Amino acid sequence: MQVGAYEAAREAGDFLAERHPPPPVAVVLGSGLGAFADSLDDAERLSYATLPHFPMPHVQGHAGELVLGHVHDPHGGRVAVAALSGRVHVYEGHPLRLVVHAVRAMHAWGVKAVVFTNAAGGIDASFAPGDLMLIRDHINLMGCNPLQGPNDERLGLRFPDMSAAYDPALGECVRQAAGEVGVRLREGVYAAVMGPSYETPAEIRMLGLLGAGAVGMSTVPEVVAARHVGLRVAAISCITNLAAGIAQHPLSHDEVKETAAIVRDSFVGLLRAAVPRIAAEVER
Ligand code: HPA
């Protein structure tokens, strides 16, 4: 018999809690953005294969491991953090409950906040490849929701509120971190589509009219599941390419990976500065 989502998360959370106290913050790393995990001090790597019910990612640039480590805080101390390197996507054919399992497992472990990151196509005319965008809100155009089906009240409410899904206080932590490390931080709305084909130029014009600044194929199911269980959320898109029709050339996953590699240092710097601030905020 298939284990329920709550039981699966509980099992993973208990497995982790038996080995490590939960860090206040977990970071989910998007396509080609795994460098943050490599930057952590005193890191311990746990393959998803060893973690209860964790699915293995298939996409290039996704490692499939939970990295436990530390970053420095501004007072000379250090803060524990968990990096989830290798998310699974709905377009890979994974059931939604597996796509969001890691997020629920973080909550069951005792994590308080999750910082989601992703690679995204830039729609806002002022964005350039390599920009980092704080996600202020999202539009779910994936045609699915991880909370579809019977609701388990042990996870959360049947109709969870999404009016401040992207926590304003955590967003402010990211803004302050960007100022501290000298990263120009853009802001906008993230539109989530199913993929895996990139959008057509007409679809991108539509998304622009809807108010989207960037488009991607992840994050939204995980944010919905995170809010359902009461995790606080921040999210950052790496604008890896201009979206279809805005770019004058065909889109490719190679371009996404190349840009992610170019912004690696500023992206890692921003996250390393943001995590201690977010940890302080959620532990207040
Ligand atoms: N569209 C959708 N997803 C993406 C893109 C894009 O242009 N770039 C990176 N992920």
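**Why these names fit**

Me: What makes Asp-14 and Arg-10 a salt bridge?

Reply: Their closest N and O atoms are 3.2 Å apart, and a salt bridge needs a side-chain nitrogen of Lys or Arg within 4 Å of a carboxyl oxygen of Asp or Glu. The pair therefore qualifies. This is a predicted model, in which local features need pLDDT of at least 70 and side-chain atom pairs count only at 80 or more, while totals for chains, interfaces and linings use all residues. Residues are numbered from 1 along each chain as its sequence is written, and side-chain values use heavy atoms, leaving out hydrogens and water.

Me: Where do Asp-14 and Arg-10 lie?

Reply: Both are in helix H1, residues 5-19, four residues apart, or about one turn of the helix. Helices (H or I, at least four residues) and strands (E, at least two) are DSSP runs, numbered from the N terminus.

Me: Why is Asp-14 called partly exposed?

Reply: Its relative accessibility is 35%. Buried means under 20% relative accessible area and exposed over 50%, with partly exposed in between (1.4 Å probe, protein chains only), so Asp-14 belongs in the middle class. Its partner Arg-10, at 31%, is partly exposed too.

Me: How do you know that Arg-45 and Asp-38 meet in a salt bridge?

Reply: Their N to O distance is 2.6 Å, which satisfies the 4 Å limit and so earns the name. Arg-45 has a relative accessible area of 41% and is partly exposed, whereas Asp-38, at 55%, passes the 50% mark and is therefore exposed.

Me: Which parts of the chain do Asp-41 and Arg-272 link?

Reply: These two form a salt bridge at 3.5 Å. Asp-41 sits in strand E2 (residues 41-47) and Arg-272 in helix H9 (residues 264-282), so the pair, 231 residues apart, links distant parts of the chain.

Me: Is Arg-272 buried or exposed?

Reply: Arg-272 is at 18%, under the 20% cut-off, so it counts as buried. Asp-41, at 26%, is partly exposed. Elsewhere, salt bridges that share partners join Arg-136, Glu-172, Arg-175 and Glu-187 into one network. The structure holds 20 salt bridges.

Me: How many disulfides does a search of the whole structure find?

Reply: Zero, which means that no pair of cysteine sulfur atoms lies within 2.5 Å. Cys-144 is buried at 14%, and Cys-238 is buried at 0%.

Me: What lines the largest pocket?

Reply: A pocket is an open set of points on a 1 Å grid over the protein atoms alone where a 1.4 Å probe fits, with protein on both sides within 12 Å along at least five of seven lines; lining residues have an atom within 4 Å of a point. Here 24 residues line the largest pocket, and Ser-31, Ala-119, Tyr-198, Met-217 and Val-256 lie nearest its centre. Strands E5 (113-122), E8 (214-216) and E9 (232-242) and helix H8 (253-262) are the elements giving two or more residues to this lining. E5 gives the most, with four.

Me: Which residues lie nearest the centre of the second largest pocket?

Reply: They are Ala-5, Pro-146, Gln-148, Gly-149 and Pro-150, out of 16 lining residues. H1 and helix H3 (96-99) each supply at least two residues of that lining.
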